[in-house]
Amino acid sequence: MTDPAALSAVRFRGVSRHFGATRAVDGVDLDIAPGAFFAMLGPSGSGKTTCLRLIAGFEQPDAGSIEIFGAPMTGVPPYRRSVNTVFQDYALFPHMTVGANVAYGPMVRGVPRAEREARARELLALVALSGFEDRRPAQLSGGQRQRVALARALINEPKVLLLDEPLGALDLKLREQMQVELKSLQRRLGITFVFVTHDQSEALSMADRIAVFNEGRIVQVGAPDEVYERPQTRFVADFVGGSNVVEPDAAERLGLPRGLYSLRPEKIRLGEIGFAGTVETTLYQGAQRRVVVAVGSDRLAVVAPAERGPLPVGSAVRLFVPPGAAHRMEG
Ligand code: ATP
């Protein structure tokens, strides 16, 4: 029989890390499956980076236990863990060439020069940077530096790759391109990737599982569509995708059984039937418009396709909430 504990790439049980009065990480249980592309998503200060540093071994828990592939990590220093980190600022050595940066880990381990240089070339090919061996980091674009940092981490053949806001320093277009590249690289390698982000769209598009953090705790874990479609709390509904949170009184006015609901703006239809409302604000977003509609004393955000027309402030509209569009939440 396989020990089920051995099945998690990373396992936290009751892990806490406090800094003075700040409960940075507060009693976290976590299971990350081998081969997962796992996102830690949450607002600034919610404890994501501290969790990543706990996995890497740069921080020690005050309470609880951490295992990596079934091995207890208590007292295991960072360099003895089968984990590598790609930092947000990449932390490349500026005075070294790209090739030397990538070959750094094997060099420290005493791998002979010819072998480590060959290996560095393979890794640079993997991240589409063949021929860049002799450049210095300063001679690269942000996206290229990011790929060098990836190659430098992957050359150590970690079982778990930790990425702290890996795309934070890149502009939007490059970010989107690197999202696709990172995802396909992870699929090809089959290594467990754990990445920290405060960008919900990045977590939704890249991860196969997302843990949502708030105030040092994980408030929900699930596949992207689960977290988006079925938020359990108002915090998750609002933080992931900016949903309408419908309070119990408003639910009754919308014809729903009394309760707390998440109602996604794109699920509401603007048309000929439904509740009469008035456009309060309108935000053009290219493919769509995001409008806030006042229905009596309630306010609902609605997404309308751009071809629906300009929807000026003050115009009268009707809102239809299709059956099943609202998702009932716990609290
Ligand atoms: P961000 O997205 O801004 O990086 P985060 O979710 O990663 O935020 P953490 O960096 O884990 O959050 O920080 C969680 C809390 O712990 C914050 O209140 C932070 O100020 C505090 N904290 C983190 N590291 C330390 C430290 N070394 N000393 C004191 N407080 C710390």
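By class, the shell around the ligand in this predicted model holds two nonpolar residues, nine polar residues and one charged residue. Its members are Phe-19, Thr-22, Ala-24, Gly-42, Ser-44, Gly-45, Ser-46, Gly-47, Lys-48, Thr-49, Thr-50 and His-198. Two elements, strand E2 (22-32) and helix H1 (48-56), each give two or more residues to this shell. The most comes from H1, which supplies three residues.

Helix H1 deserves a second look. Is this helix mostly covered or mostly uncovered? Mostly covered: eight of the nine residues in H1 are buried. These are Lys-48, Thr-49, Thr-50, Cys-51, Leu-52, Arg-53, Leu-54 and Ile-55. Lys-48, Thr-49 and Thr-50 are thus met twice, being buried in H1 and also found among the residues that surround the ligand. Just after the helix, Gly-57 adopts a positive phi of about 95°.

For the wider setting, the UniProt record, in an unreviewed entry, lists residues 10-240 as "domain: ABC transporter". Within residues 10-240, helix accounts for 36% of the chain and strand for 26%. The C-alpha atoms at the two ends of this stretch lie 24 Å apart.

An open sheet can be followed next, strand by strand. Six strands make up this sheet in the order E6-E7-E8-E3-E9-E10, and their pairing is mixed. Strand E6 (83-86) and strand E10 (217-222) stand at the edges; each has a single partner strand, so one side of each has no neighbour in the sheet. From one strand to the next, the twist averages 20°.

At the E6 edge, the pairing can be traced in detail. E6 and strand E7 (residues 160-164) run parallel and are joined over four bridges. One pair to look for is Val-86 with its bridge partner Leu-163 in E7. Helix H5 (residues 142-154) lies across both E6 and E7, and runs at about 170° to E6.

Further along the chain, strands E14, E15 and E16 can be read as a series of hairpins. Strand E14 (residues 275-284) pairs with strand E15 (residues 288-295) in the antiparallel sense, over six bridges. These two strands form a hairpin with three residues between them, and in the turn Gly-286 has a positive phi of about 90°. E15 in turn is joined to strand E16 (residues 298-305) by eight bridges, and this pair also runs antiparallel. Here Ala-294 has Arg-299 in E16 as its bridge partner. The hairpin of E15 and E16 has two residues between the strands, and Gly-296 takes a positive phi near 60° there.

Thr-282 makes a good place to pause, as a residue of strand E14. Which residue of E15 stands opposite Thr-282? The answer is Val-291. Leaving aside residues up to four places away in sequence, Thr-282 touches Arg-289, Val-291, Leu-311, Pro-312 and Val-313. Val-291 therefore appears both as the residue opposite Thr-282 and among its contacts, by the 7 Å C-beta cut-off. Why does Thr-282 count as partly exposed? Because Thr-282 has 18 C-beta neighbours inside 10 Å, and a residue needs 20 or more to be buried, or 12 or fewer to be exposed. Finally, Thr-282 and Val-303 are 21 residues apart along the chain, with 9.7 Å between their C-alpha atoms.

Note on methods: Residues numbered from 1 in each chain as written. Predicted model: local features only at pLDDT ≥ 70, side-chain atom pairs only at ≥ 80, totals over all residues. Near = placed C-beta within 6 Å. Nonpolar A, V, L, I, M, F, W, Y, C, P; charged D, E, K, R; others polar. Pairing = 2+ DSSP bridges. Axes fitted to C-alpha atoms, helices over the stretch in contact; angles between N-to-C directions. Contact = placed C-beta atoms within 7 Å. UniProt positions renumbered as here; feature names shortened; annotations may be inferred.
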